[in-house]
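User: I have a new model open and want to talk it through. Can you keep it short and plain?
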Amino acid sequence: MKVLIKTVFTLKHGLITLFSLSLLWMAYQSWHAFLGGVPNSETTLTLSSWGTLDELQTLKTQVHAFEEAHPTLHVKIRYMPDLYTQSLQMLIASNQTPDVMMLNSLDVQRFCQAGLLEDASSLIQQERNAFFPTALKSMTAPNGTLCAVPRDVSNLVVYVNQDLLKRLAPQAQALVKPSWHLADLPKIAESVADLHRPTKTWTISFYQAPALFWLPFVWSEGGELFNNQTLKLNDPAIQALADYKALRQHTHLAPDRQEIGNATMSDLFLQGRLLFFLSGRWSVPFLREKATFQWDVLPFPQGKSGSRVGIDSTGYAMSRRSPHLKDAQALTRFLSRTDSQKAWVHSGLIVPARQALATSDAFLQRGQSPQHADYFITAMPTGVPSAYPKNWTSLGQSLNSAMDAYFNTPDLSMQQALKDAQLKGAMPDAS
Amino acid sequence: MRLNFNRWMPAFFIVPVVLGLFFLNYIPSFYAFYLSFQQWNLLEAPQWVGLENYHQLLASPAFFQTLRQTAWYVGGVVIFELLFSLVIATALHRITRGKRIFQVLAFLPYVTPAMAASLIFMWIFQPEQGLLNSSLQAVGLLKSPIAWLFTPNTALVAVMSLEVWKATGYNMLLILGALQALPQHIDEAATLDGASGLRKWWWVTLPQLMPTVVLVGMMTTIHALQAFDAIYLLTQGGPNRATTVLAYALYETAFQRFEIGQATALGLLIFTIIGVLTLMQWKLSQRKQPSFDEV
């Protein structure tokens, strides 16, 4: 033994030992990674997801239930809380596509058009009507293939700080109703004498990106961004964007970038500095936890074309490259059933994609804020299901850049902003 | 036959490094060069597009705006880092008490994690309750608060200040090391000849420090050209793209637009700029310095 230890610890033999061990370790790791390791009777499926730690816990519980129901299947969760799309695309590029992926409708469309996703129609053939049609539409490729089974459907509503409204604008309360109009916003602000200054409290939140937050202002006024998959704003869209910009730059109903600083809109709403806050269902859990005032939700105000917000969806998609497609289908089916969606609904975080569940007490959660959770559902029929052109990742960045400049530079015209962002053809043709 | 271990031992040390360099550096670099002629979105198979990526890049006004901003950023960072490093190193060289403590204090920002430093600077530049605005308002230098990080004219300067704050300590140590290694007799001879103060520092000390200053300047330039973390954490390239420099534009092109081909073309351009600067540094370091002993 002593000789062995002496030999190992002699420098040259030690180096040789270390080198040999490294080679052995590398060989083992390569074998494990590329050949699948020790063969056994279990099949391992990979499932990718993002979300908070609470969401991960919900997912783990469901995965555990799935494994119990399918003893020969093991599910490995690839949890990527930040930069999910980027990480996922890196995995895809390196041939490590997860068998099942949680994807939003934008990524579903992109991945599906790239031929990466398996048709999911057969999984819900018997119960297609159980899902919101808009949710299914946002998960469907232009060729009609259903590329993912929707888990939830997300749209935007207006969160109202009821205490602030009562305190600062009691006479404006009559205007704040489900059938309210975009034109009511300045009237509400007018009736609140000290709303803007010196208390630095604003009427409504303002986002310059992503487009999902300013598109309702465009769509509700009859505006359109695309013409045959090409970015081409029509005249109502130009006008609606000018009106939206005025909220920040002219009427000052919304905070400007300097006033916001590092804060987020949800911060300002929580601080009681925003009367109305445009957001989705995802804001409910933290408002329930942190808001110290009474709050509720209202539908987005109506414009000339009614109240139209975008309808996005999140769902489970199966990789076409998966070597365990049947098992991936079983997992997707399991995660999409009513009980699984109910687990998510319980947290208050999502609007379920299953209609019956969305209209049940499990979702409406009477006795808890928001009092009018049904507005998340009534917004569906007039909503605009997300449909993005194939080059949206690049186009969306250019559009964000143009809007960033346009919304924040008082004298900049839309034409110039689009030109600066190399989107010259996006302006309406001169008539 | 017995293996001559001593003869082969250097290989044991060199081979892992060479293998690492080969697989993690050279092969990806050549692959990046190959990718710069392709169109690839990380989802579909890459498509050969020839010089299209380079053409698009050089035809884009946004690229030249980014290049201009990078030049301003690099210029500002290099000038201020060198200036502060020289001043602090000279001061520390002269003091006799508490030298170590001041050295540690000056070096601390360098070892502060970028995330923590960015949070501190976010707070400093916060428009309403930030340290900078509050201080300037308290002494009457500012009437209304400035949103340093959210105003196109000030955002780049604000980001630069973080980089200068972080790296000055490291550069100061290099210059201080060079200062301490300077022969004393030249300094004494200059004093005997009547030189003193700033004149002596400018005409006697600085010329001797020049090789180190050039080296530090080039290293800072190369580092500043790769600036990413502070920009990502503080401004995300905004407002109105005012803080989008080359390295951030590369990230944005690759991982937000998913235009990998164009991103690698941009990466190769940054590589070329850094390569030229490194070559200049090498040439400058090869130049013979005047020796006071020969005078």
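User: How many salt bridges does the rule find across the interface of domain 1 of chain A and domain 2 of chain A?
Analyst: The rule finds zero salt bridges across that interface. A salt bridge is a side-chain nitrogen of Lys or Arg within 4 Å of a carboxyl oxygen of Asp or Glu. Keep in mind that this is a predicted model: local features need pLDDT of at least 70, side-chain atom pairs count only at pLDDT 80 or more, and totals for chains, interfaces and linings use all residues. Side-chain values use heavy atoms, leaving out hydrogens and water, residues are numbered from 1 along each chain as its sequence is written, and chains are lettered from A and ligands numbered from 1 in the order in which they are written.

User: And how many residue pairs are in polar contact between domain 1 and domain 2 of chain A?
Analyst: Six residue pairs, both residues at pLDDT 80 or more. A polar contact is a pair of N or O atoms within 3.5 Å; within protein, one must be able to donate a hydrogen and the other to accept it, and residues adjacent in sequence count only if both atoms are side-chain atoms.

User: Which element gives the largest share of the domain 1 side?
Analyst: H5(A), with five residues. That side divides into nine nonpolar, 13 polar and two charged residues. Here Ala, Val, Leu, Ile, Met, Phe, Trp, Tyr, Cys and Pro count as nonpolar, Asp, Glu, Lys and Arg as charged, and the others, Gly among them, as polar.

User: Where do the two domains of chain A run?
Analyst: Domain 1 is 43-155 + 312-376, and domain 2 is 157-310 + 386-423. Such bounds come from an automatic or database domain assignment. The C-alpha centres of the two domains lie 29 Å apart.

User: How many residues of domain 1 are in contact with domain 2?
Analyst: 24 residues of domain 1 are in contact with 23 residues of domain 2 in chain A. Contact means heavy atoms within 4.5 Å. The area buried between these domains is about 2200 Å², and carbon and sulfur atoms give 55% of it. Buried area is the accessible area (1.4 Å probe) that two parts lose on being put together, summed over both.

User: New topic. What about chain A and chain B, how much do they bury?
Analyst: About 2900 Å² between them, 57% of it on carbon and sulfur atoms. In chain A, Gln258(A), Asn262(A) and Gln397(A) lose the most area to chain B, together 20% of what that side buries. The contact joins 36 residues of chain A and 32 residues of chain B.

User: How many salt bridges there?
Analyst: Zero by the rule across the interface of chain A and chain B. Ten residue pairs are in polar contact across it, both at pLDDT 80 or more.

User: Which element of chain A gives the most to that side?
Analyst: H19(A), with eight residues. The chain A side divides into twelve nonpolar, 15 polar and nine charged residues.

User: How many helices and strands are in chain A?
Analyst: 20 helices and twelve strands. Helices (H or I, at least four residues) and strands (E, at least two) are DSSP runs, numbered from the N terminus. Of the 431 residues of chain A, 54% count as buried.

User: Last one. Is Lys200(A) buried, partly exposed or exposed?
Analyst: Lys200(A) counts as partly exposed because its relative accessibility is 31%. Buried means under 20% relative accessible area, exposed over 50%, partly exposed in between (1.4 Å probe, protein chains only). Lys200(A) sits in the loop between helix H8 (184-190) and strand E6 (202-204) of chain A.
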